[in-house]
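Me: I want to go through this model and ask why each label applies. Please set the values against the cut-offs and conclude.

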Amino acid sequence: MLYLSQVLGRPIRDLEGERVATVKDVIVRLGADDHPPVTGLVARYRRRDFFLPRWRITQLNKHGVRLNSDILDLRPFVRRESEVLLARDVLDKQLIDVDGKRVVRVNDVQIIEAAGEYRVTGADVSLQGLWRRLAPPGFVGTKKPVEVLDWADVGYLATDAATVQLKSSSDKLARLHPVEIARLAEALSYHHGSEVVESLDDETAAETLEEMPAESQARILGDMDQERAADILEWMSPDEAADVLGDLPEEKAEELLGLMEHEEQADVAELLPYEDDTAGGLMTTEFVTLPRQLTVGEALARLREMAETPNMIYYLYVVEEEHSWKLCGVIALRSLILADPSMPLEDVMRTDIQSAEPQEPAREVAQRIAEYNLLALPVVDESGDILGIITVDDAMEILLPKDWRQRLPRLLG
Amino acid sequence: MRRGAHGVRRTVARRGRLLALLAILGPGMITANAGNDAGGIATFASVGAEFGYSLLWILIPIAISLGVVQEMCARMGAVTGKGLADLIRERFGVRWTALIMLSLLIANAGVTVSEFVGIAAAAELFGVSRFVAVPLAAILVWWLVAKGSYKKVEKAFLLMSLVFLGYIISAFLSRPAWSAVGIGLVKPTLRLEHAFIFTLVAVIGTTISPYMQVYVQSSVVEKGVTSDNYNATKTDVWVGTIFAILIVFFIIISTAATLHKAGVQIVTAADAARALRPLAGRYAESLFGLGLFGASMLAAGVLPLATAYSISEALGFEKGVSRTFREAPIFLGTFTFLVAVGAAIAVIPNLPLFRVLLVTQVINGLLLPFVLFAILKLVNNRELMGTQVNGPVYNLAAWLTAIIVTALSVLYILMTIFPGSVRL
């Protein structure tokens, strides 16, 4: 087992044992491998850097490097696709540890030789790793076990080298809950945080963004490729998407909205005119309506058949007739399940409905939701049509102080 | 049964922004004025008492230096999205990081000592023994921060420290010789004496402290400022700088007009409080004590905390007040160490409190060059800053600051080790 810090600056000797250069950096190819292989070295000779391919190296250890020939090919080093330099791009940089769900800094890199290959097996994140580099060589006396993070658990490498993002990283990150991905992305610099979100698939990216502060959402989507941003917006819930668009410059928001698929675009566009701090601004357009003429059994069957069920189905909103929005009652899912399947909905539904007008201040509506212990509150216009619903988690966001909210998981969705 | 699409495209509602309001109390404003803590008040009050109006001129170059240095850090925060400690670690490697963090730790330990000394001095103004007040304050600060409830009491301390704004009124009421003020402001005087250089280093050290650079950069990052919306922060930094220096200006005037005129040297906090008499009469001491207590308590919590954050950040260790000792030993260890050392030194018997306040500011000044050179190297790195590197005028001002501060520090050390060796 070898540490990067033990190799850097060590002499490179040719076949004869003649010292020809020193090790400046170790090149590794990131790819599908959990433990990426060393593909060569950057050697330094007379203040110039040149490239040493792996096949020229017969030995790599604490004492330095041995080459397999006497001839030194002074090819200047050029970075190739998906290659990273361990000293330049990895050492001292931050990375996401998927296993520990944390952001750590790399104090040293562990290299192991196995089956004729040198591979990066782990990142040393312990104090001993730091001490190894600080203390003069040979001084390290501590026998304490070092804390090495398995390279297979590296979800994201926060480096500035543009081409080196780990190909498999998004899969590893996607194993985490979006709340955690959001927290980790926020712990990095905003450039790297955006990169993390961009590396995710559309759905996970949307869920992760929804867990981030509004300003971050707008910044990340605003800086992204427009097509991609529109794709992610489609996956977000309409009310969240409308909030983000409202935070973006008008022109940008129009463009992104224009790029969205027709159905999602319409859902979001409907919410946009409402001011942020009103019931209309708080509501979402995803809810279930059922005509009052149906029986309980028919209603349950219809729920089962629905291809895309909204998150909020604990309340079912009963309307005058098919394709109408005129709200006449509400049924809790619980009552629906417990009721006799042959009964018509109108006999089961409650008609004393708490509702809000779209222009009502968001805070008051949120307080009402808390007071009446509701899971959601319908928003109804002056003609009695249901426009949307306000769910309890959105209401909580208004009522709870900001730092509390981040500790609470989302109740719905 | 999703809500059907009505398909009507409506205009995007714009949501109001509070940017203009936030700029008034942004990171730049808060940081620059954090310099006016116990050590700062002590330093500026002695400048006025000892040298009258004759040192007022240095406020102009100091204002420029402070603004330039703070702006560089704020800009780095906005462009890179990373804290100063992060950048130092990522760009300079472990050894330089260790050196810079060590100087930051020592400088901040010094300032923390000064805050507890400030608490001791304030307590004695109210007739409370410092052997009671300092340990109590240390436990209170530690407990409040560790329990995460510091944010709640922070405002109360901040409010108390506003007492020092009273110096502005006091400066006018004490009827200073405005013509002498004008001359002092434009006519540079320099004396190659130990006491003079000591004061100069202390003034620089307390105004442009290493912790302020670290602090302003991380607040900019935390506020989510990016290179696109950086301009408001730039304004905030400069407005904050000018405001902070204006307060210093009035502290010096009011102490010069009262204490210097009467030939009083500041030995205790009660002497410094006398400069508030034109405003508060016989309540001057209580008023000063209240302000000193508030300002000191505020910084006694924030400073060890900020230091613990920087050090864990640079070394890559777990951080955060919600962690246990087992989870984040370096973070909580640093924080506890600083509070303990600060309190322990402040209760040494027969400690000349006011002198200690000045000495800690000198330590700040002596360690400033390390941090300044690191900042200059980072802010001029094109790979990091892109087009936002320093312009030539900025670089000139910044380099001059770094070189002059270094020269003064070296000069001061030479004069201290070999008294009488440096003569005109």
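Me: How many residues does each chain bring to the contact between chain A and chain B?
Reply: The model is predicted. In it, chain A gives 40 residues to the contact and chain B gives 26 residues. A residue counts here if its C-beta atom, placed from the backbone, lies within 7 Å of one across the contact.

Me: Which elements of chain A supply at least two residues each to the side that touches chain B?
Reply: Strand 10 (102-105) does, and so do helix 3 (127-134), helix 6 (190-199), helix 8 (214-223), helix 10 (238-247), helix 11 (250-259) and helix 12 (262-271) of chain A. Helix 12 of chain A gives the most, with five residues.

Me: What is the class make-up of the side of chain A that touches chain B?
Reply: That side of chain A has 16 nonpolar, 16 charged and eight polar residues.

Me: Now chain B. Why are helix 4 and helix 17 of chain B called oblique?
Reply: Helix 4 (residues 59-80) and helix 17 (residues 353-379) of chain B pack at about 50 degrees, with axes 10 Å apart. Angles under 35 degrees count as roughly parallel, and 65 to 115 as roughly perpendicular. The angle fits neither range, so helix 4 and helix 17 of chain B are oblique to each other. Their crossing is left-handed.

Me: Which residues make that contact in chain B?
Reply: From helix 4 of chain B come B:Val69, B:Met72, B:Cys73, B:Arg75 and B:Met76. Helix 17 of chain B answers with B:Leu372, B:Ile375, B:Leu378 and B:Val379. By class, the contact of helix 4 with helix 17 of chain B has eight nonpolar residues, one charged and no polar.

Me: What makes helix 3 of chain B oblique to helix 12 of chain B?
Reply: Helix 3 (residues 38-51) and helix 12 (residues 231-262) of chain B pack at about 45 degrees, with axes 7 Å apart. Roughly parallel needs an angle under 35 degrees, and roughly perpendicular starts at 65. Therefore helix 3 of chain B is oblique to helix 12 of chain B. The crossing of these two helices is right-handed.

Me: Which residues of helix 3 of chain B meet helix 12 of chain B?
Reply: They are B:Ile41, B:Phe44, B:Ala45, B:Val47, B:Gly48 and B:Ala49. Their counterparts in helix 12 of chain B include B:Val248, B:Ile251, B:Leu259 and B:His260. The contact of helix 3 with helix 12 of chain B divides into 11 nonpolar, three polar and no charged residues.

Me: Back to chain A. How do you know that strand 1 and strand 11 of chain A pair?
Reply: Pairing takes at least two bridges. Strand 1 and strand 11 (residues 108-114) of chain A have two bridges, in the antiparallel sense, so they count as paired. A:Tyr3 stands opposite A:Gln110 in strand 11 of chain A.

Me: What makes strand 1 and strand 13 of chain A edge strands?
Reply: The open sheet has four strands in the order 1-11-12-13, with antiparallel pairing. Strand 1 (2-3) and strand 13 (148-150) of chain A each pair on one side only.

Me: How many bridges join strand 9 and strand 14 of chain A?
Reply: Strand 9 (residues 94-97) and strand 14 of chain A pair antiparallel over four bridges. The cut-off is at least two, so this is a pair. A:Asp97 has A:Val154 of strand 14 of chain A as its bridge partner. These strands belong to an open sheet of chain A with the order 10-9-14.

Definitions and conventions
Residues are numbered from 1 along each chain as its sequence is written. Chains are lettered from A and ligands numbered from 1 in the order in which they are written. This is a predicted model: local features need pLDDT of at least 70, side-chain atom pairs count only at pLDDT 80 or more; totals for chains, interfaces and linings use all residues. Axes are lines fitted to C-alpha atoms, for helices over the stretch in contact, and angles run from 0 to 180 degrees between N-to-C directions. Angles under 35 degrees count as roughly parallel, over 145 as roughly antiparallel, 65 to 115 as roughly perpendicular and the rest as oblique. A crossing is left-handed if the near helix is turned anticlockwise from the far one by less than a right angle, and right-handed if clockwise. Two residues are in contact if their C-beta atoms, placed from the backbone, lie within 7 Å. Ala, Val, Leu, Ile, Met, Phe, Trp, Tyr, Cys and Pro count as nonpolar, Asp, Glu, Lys and Arg as charged, and the others, Gly among them, as polar.
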